Amino acid sequence: QQRKDQGLQSLELTVGPPYDRLVVFHSTPLASLNRETGFYQPIPLLDSDHEGSIIQQALSRVVMGKIDVEVRVATLDQFTEFFKQSEAHILHITCSGSLDRLTMENGYGTVQTLSHDEMKQLLLLMKGELRVVVVSSRHANAIGQELIAAGVPHVVCCEWDHKFRDPIAINFVHNFYRALAEKKTLKRAYQIARLTASASPRGRVIRRVLERFQLLPVLADNDPFHNIPVFFTQLVPPMETTFRSPALAVPPLPSNFLGREIEMFTTLESLRGDEIIRIVGPQGS
């Protein structure tokens with residue numbers, strides 16, 4: 001409350017365009033431990049860096065004001081800190097996901113999970129201030145249902161195909177945030193993005209693609225519940241700490257890169273304890 005009061009005072013003293021914030025968390029762990037076998041199994045990567053760039057590009061075209069896009073790695077600590085600080089009222093999560101849990105990462109390539117009950121406890125910290133969550137995941141619809149059950153009022157689900165870079169999902173995300181930047185309501189932005197992403201080159205709607213996108217809770221078409229503005233509706237508290245992801249030390253993966261998750265994971269694990277790692281293999285590999 002004190003941070004909000006300070007923000008309100010600064011808003012009264014400063015005449016300028018409206019300001020808002022979107023926090024984007026991306027979780028791209030490389031491997032998860034199979035407790036039955038004791039071995040790590042690979043997790044196919046999502047191109048979350050590309051998605052983050054698409055969101056920033058879409059929201060840079062906001063009609064009036066400024067929307068700051070904070071892109072962060074979804075470690076459990078950083079995710080928890082977001083709720084403690086109540087940093088924004090709209091949240092975007094990109095993760096591989098599972099049918100019953102939200103998947104985070106530990107920052108070194110392995111999975112951390114957040115149960116339904118743990119998510120509920122985090123939401124209590126924000127006291128109803130988190131209004132909209134957008135989920136990009138291979139299990140987006142299942143995760144979205146869990147978020148609704150935990151108390152999030154509006155959840156947009158974008159289900160990825162089993163690809164490193166899913167052009168249909170990227171299309172949906174881009175058009176959804178571009179519509180929000182143009183002051184469309186949540187429901188209208190969702191409808192525009194869904195129809196655009198599911199249209200074939202000939203303009204026909206592909207129904208099996210439509211099923212990959214959901215606005216939860218699902219309501220009748222004439223229900224006004226989702227007809228809400230998303231940005232510039234309430235004061236955003238100033239940030240006390242920044243969790244901006246550091247610049248990449250290596251080039252991003254090419255779009256046709258497949259496999260090697262376990263090899264990358266073991267290399268990262270080795271770098272935590274060894275100063276030099278030697279990687280050898282046949283020429284061309």
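Biologist: Let me start at the hairpin of strand 6 and strand 7. Which residue there takes a positive phi?

Modeller: Keep in mind that this model is predicted. The residue is G107, with phi near 90°. Five residues lie between the two strands of this hairpin.

Biologist: How many bridges join strand 6 to strand 7?

Modeller: Four bridges join them, and the strands run antiparallel. Strand 7 covers residues 111–114. To see one facing pair, find M104, which stands opposite Q112 in strand 7.

Biologist: Are the faces of strand 6 covered or open?

Modeller: To read burial, use a cut-off: a residue is buried if its relative accessible area is under 20%. Now take strand 6, residues 102–105. L102 and M104 are on one side, T103 and E105 on the other. These four residues are buried, so both faces are covered.

Biologist: Now the wider view. How many helices and strands are in the protein chain?

Modeller: Nine helices and ten strands. The chain has 285 residues, and 42% of them are buried. Its accessible surface is about 15,700 Å². Carbon and sulfur atoms hold 52% of that surface.

Biologist: Among contacts between residues at least 6 apart in sequence, what share joins residues at least 24 apart?

Modeller: The share is 72%.

Biologist: Back to phi. Which residues other than glycine have a positive value?

Modeller: First the general idea: most residues other than glycine have a negative phi. Two exceptions here are S86, at about 50°, and K127, near 50°.

Biologist: Where is S86, and is S86 buried or exposed?

Modeller: S86 sits in the loop between helix 3 (76–85) and strand 5 (90–95). Its relative accessibility is 11%, so S86 counts as buried.

Biologist: And K127: where is that residue, and is it buried or exposed?

Modeller: Look in the loop between helix 4 (116–126) and strand 8 (132–137). K127 has 74% relative accessibility, which means that it counts as exposed.

Biologist: How do I check a helix by its span? What distance should helix 6 cover?

Modeller: Allow 1.5 Å a residue. Helix 6, residues 167–181, has 15 residues and should span 21 Å. The end C-alpha atoms are 21 Å apart, so the model agrees with the expected span.

Biologist: Why is helix 6 described as largely enclosed by the rest of the structure?

Modeller: Because eleven of its 15 residues are buried. Among them are A169, I170, F172, V173 and H174. N175, F176 and Y177 are buried too.

Biologist: What should I look for at the start of helix 6, and just after it?

Modeller: At the start, a side-chain oxygen of D166 reaches to within 3.1 Å of the backbone nitrogen of I168. Just after the helix, K183 takes a positive phi of about 70°.

Biologist: Next, peptide bonds. Where is a cis bond found?

Modeller: The general idea again: most peptide bonds are trans. The bond joining L216 and P217 is cis, with omega about -5°. P217 lies in the loop between strand 10 (213–216) and helix 9 (261–271).

Biologist: D223 is in the loop between strand 10 and helix 9. Which backbone nitrogen lies 2.9 Å from a polar atom of the D223 side chain?

Modeller: The backbone nitrogen of F225. D223 has 28% relative accessibility, so D223 counts as partly exposed.

Key: Residues are numbered from 1 along each chain as its sequence is written. This is a predicted model: local features need pLDDT of at least 70, side-chain atom pairs count only at pLDDT 80 or more; totals for chains, interfaces and linings use all residues. Side-chain values use heavy atoms; hydrogens and water are left out. Buried means under 20% relative accessible area, exposed over 50%, partly exposed in between (1.4 Å probe, protein chains only). Two strands pair if DSSP finds at least two bridges between them. Contact means heavy atoms within 4.5 Å. Accessible areas come from the Shrake-Rupley method with a 1.4 Å probe; for residues, only the protein chains shown count as cover. The expected span of a helix is 1.5 Å times one less than its number of residues. A polar contact is a pair of N or O atoms within 3.5 Å; within protein, one must be able to donate a hydrogen and the other to accept it, and residues adjacent in sequence count only if both atoms are side-chain atoms.
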